[in-house]
Amino acid sequence: ANLAIALAQTGARVGLLDNDVYGPNIPLMFGLPGAQLQADGRAMPSVRQVEGKLIPIDRFGVKVFSIGFIYPAEMPLVWRGPMLHSAIRQFLSDVDWGDLDYLVIDMPPGTGDSQLSLAQATQGAMGIIVTTPQLVSMSDALKGLAAFEQLKIPVIGVIENMGPSIDPKTGTKTALFGEGGGERLAAMKHVPFLGSVPLDGMIRVGGDSGRPIVVADPAAPAAQRFAELARAVAARVSVLNFNTA
């Protein structure tokens, strides 16, 4: 959410697709209404459909679409691979994204059907690996990175989340989940390390309140870090596109 908004704040045209069909939380993070479950058990979508196209919701300069706009949060989705594949193709083709510079796709963790379906349904996809510093998270992120390599999806780089934070009053560094895990992972796989996002309670507050920190407090150190990450991602995408061309 913060990365997509930070990209939009640079002047880019950005879309955000919430592809975590089992736990769609992008509507919550953007303060957007989800689908509602009616008394008769049917779902009432919270997005419009015009001439067969679903219309994403524009929020904070980002065009947002989530399966949470179609299926209520209390309605569990028990889907197998073919249904996931069909849904992903529809999100890409049946949503009126318009002209975009970036379509940021929030994927579920792991190396399952969602990642495979995305690789099969798109051309020019690139991956960003997000890990927290500790070893248990790095091992999972390593599998995700290896899956992108196997699927021939270029990796933009590695971002470390919940990294060390510094108390602005005392200057004391706190590394609750360790330090340097993202950088070590990037070095192991010879991909760029894009940066570390500090563990900051205001990032959580922003996500829960529907006003991400890059909107709620753009001058905050954590928000500035997201701005730096957006610039690093944009630069890396340009390089990968140039090399591919």
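**Figure 1. A close-up of Lys-152 and its loop.** Lys-152 sits in the loop that connects α5 with β10. In this predicted model, Lys-152 has a positive phi of about 60°, even though it is not a glycine. That is worth a pause, since most residues other than glycine have a negative phi. Is Lys-152 buried or exposed? Lys-152 is exposed, because its relative accessible area of 72% is over the 50% cut-off.

**Figure 2. A close-up of Met-162 in its strand.** Here is another residue to look at for its backbone angle. Met-162 belongs to strand β10, and it has a positive phi of about 60° without being a glycine. With a relative accessibility of 33%, Met-162 counts as partly exposed.

**Figure 3. An open sheet of three strands, β9-β10-β13.** Follow the strands in that order and you will find parallel pairing. Which strands form the edges? They are β9 (127–131) and β13 (193–198), each of which pairs on one side only. From one strand to the next, the twist averages 20°. Now zoom in on β10, which spans residues 155–163 and pairs with β13 in the parallel sense over four bridges. To find your place between these two strands, look for Glu-160, whose bridge partner in β13 is Ser-196.

**Figure 4. Helices α5 and α9 against the sheet strands.** Helix α5, made of residues 135–150, lies across β9 and β10. The direction of α5 is at about 170° to β9. Helix α9 lies across β9, β10 and β13, and it runs at about 165° to β13.

**Figure 5. Helix α9 from end to end.** This helix covers residues 221–244. How far apart are its end C-alpha atoms? They are 35 Å apart, which agrees with the 34 Å that 24 residues should span at 1.5 Å a residue. Many side chains can be picked out along the way: the buried residues of α9 include Ala-222, Ala-223, Phe-226, Ala-227 and Leu-229. Further along, Ala-230, Val-233, Ala-234, Val-237 and Leu-240 are buried too. As you trace them, it helps to know that an α-helix has 3.6 residues a turn, so residues three or four places apart point the same way.

**Figure 6. Strand β1 and its two partners.** Strand β1 (residues 14–18) is mostly covered, with five of its five residues buried. In a regular strand the side chains alternate between the two faces of the sheet. In β1, Val-14, Leu-16 and Asp-18 point one way, while Gly-15 and Leu-17 point the other way. Strand β7, residues 62–66, runs parallel to β1 and is joined to it by five bridges. Leu-16 has Val-64 of β7 as its bridge partner. Strand β8, residues 102–106, also runs parallel to β1, again with five bridges, and there Leu-17 stands opposite Ile-105.

**Figure 7. Stepping back to the whole chain.** The close-ups above fit into a protein chain with nine helices and 13 strands. Its C-alpha atoms fill a box of roughly 55 × 40 × 35 Å along the principal axes. The radius of gyration is 18 Å, which agrees with the value near 18 Å for a compact globule of 245 residues. Of these 245 residues, 42% count as buried. The accessible surface comes to about 13,000 Å², and 55% of it belongs to carbon and sulfur atoms.

Terms used:
Residues numbered from 1 in each chain as written. Predicted model: local features only at pLDDT ≥ 70, side-chain atom pairs only at ≥ 80, totals over all residues. Heavy atoms only, no water. Expected span 1.5 Å × (residues − 1). Buried < 20%, exposed > 50% of the residue type's maximum accessible area, 1.4 Å probe, protein only. Pairing = 2+ DSSP bridges. Axes fitted to C-alpha atoms, helices over the stretch in contact; angles between N-to-C directions. Contact = heavy atoms within 4.5 Å. Rg over C-alpha atoms; globule rule 2.2 N^0.38 Å. Areas by Shrake-Rupley, 256 points an atom, 1.4 Å probe, with all protein chains shown as cover.
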